[in-house]
Amino acid sequence: DNLAGQSSSQNGYTSGGFNVSKKNIIDKFPFAADANATDVGDLSLTRDNLAGQSSGSNGYSSGGDSPPYTNTIDKFPFSTDANATDVGDLSQVRIQVAGQSSSQNGYTSGGLAPPYVNTIDKFPFSTDANATDVGDLTVVRNAAAGQSSDTNGYSSGGFSPPRVNTIDKFPFAADANATDVGDLNLTRVVAAGQSSTDTGYTSGGSIASPPIVNNIDKFSFSSDGNAT
């Protein structure tokens with residue numbers, strides 16, 4: 001659990017996580033056929049509670065708990081099976097972060113340093129470099145879900161505390177703070193984030209301690225509004 005996801009045009013990837021102990025495994029599974037994942041490499045650190053980002057040619061894993069908490073940005077290639085390399089640092093060490101991706105940059109938002117933070121970090125895909133703090137979420141929070149449209153990054157849900165249902169949006173075209181553009185159907189933490197070309201999704205998560213939920217929320221990228 002508590003692992004990161006990345007996507008190329010042909011394959012899905014899962015990196016890091018926890019299963020009895022913290023892992024550094026990079027798994028790959030194909031989109032073209034239904035098949036088991038294969039272990040294709042290792043992150044530079046064993047860690048969980050990290051964020052995943054994807055460019056057209058590489059997967060990225062940022063932040064997480066090694067332990068201790070880390071600010072490492074790892075990069076691994078999609079074109080060949082290989083280990084990840086440490087290519088930069090986030091602006092602060094933190095765990096339980098959300099990941100977003102534009103066509104040019106990776107973003108890591110929120111998290112627990114401690115304390116809870118609202119930082120939006122950006123790092124370039126075109127060169128290996130440290131991330132820079134380019135804005136703030138509307139509330140400090142960890143364990144939020146991340147989504148990405150062509151033009152904006154989104155962070156939904158999370159633990160402030162308490163749990164929140166806030167959907168934040170921040171632009172890719174300029175460095176700026178996020179704005180609150182709607183609410184999820186439920187307040188929840190540790191949910192998963194997914195993105196189509198025109199819609200963001202927030203699935204699963206915890207609304208209390210317990211229960212765990214299986215709800216799938218959907219919100220529009222084209223207009224600001226609450227999720228259904």
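Tyr 13, Phe 76 and Phe 78 are linked into a cluster by ring pairs, where rings of Phe, Tyr and Trp (its six-membered ring) pair if their centres lie within 6.5 Å, and planes under 30 degrees apart count as stacked, over 60 as edge-to-face and the rest as tilted. This is a predicted model, so local features need pLDDT of at least 70 and side-chain atom pairs count only at pLDDT 80 or more, while totals for chains, interfaces and linings use all residues. Residues are numbered from 1 along each chain as its sequence is written, and side-chain values use heavy atoms, with hydrogens and water left out.

The three ring residues also belong to the largest nonpolar core, which has nine residues, including Ile 26, Leu 43 and Leu 50. Such a core is a set of buried Ala, Val, Leu, Ile, Met, Phe, Trp, Tyr and Cys residues joined through side-chain atoms within 4.5 Å; buried means under 20% relative accessible area, exposed over 50%, partly exposed in between, with a 1.4 Å probe and protein chains only.

Now the other rings. The whole structure has 14 aromatic pairs. One of them, Tyr 60 with Phe 125, is stacked, at 5.0 Å centre to centre and 25° between the planes. These two residues are 65 apart along the chain. Tyr 60 is buried at 1% relative accessible area, and Phe 125 is buried at 11%. Tyr 116 and Phe 159 make an edge-to-face pair, 5.7 Å centre to centre with 70° between the planes. Tyr 116 is partly exposed at 28%, as is Phe 159 at 25%.

Notes. Helices (H or I, at least four residues) and strands (E, at least two) are DSSP runs, numbered from the N terminus.
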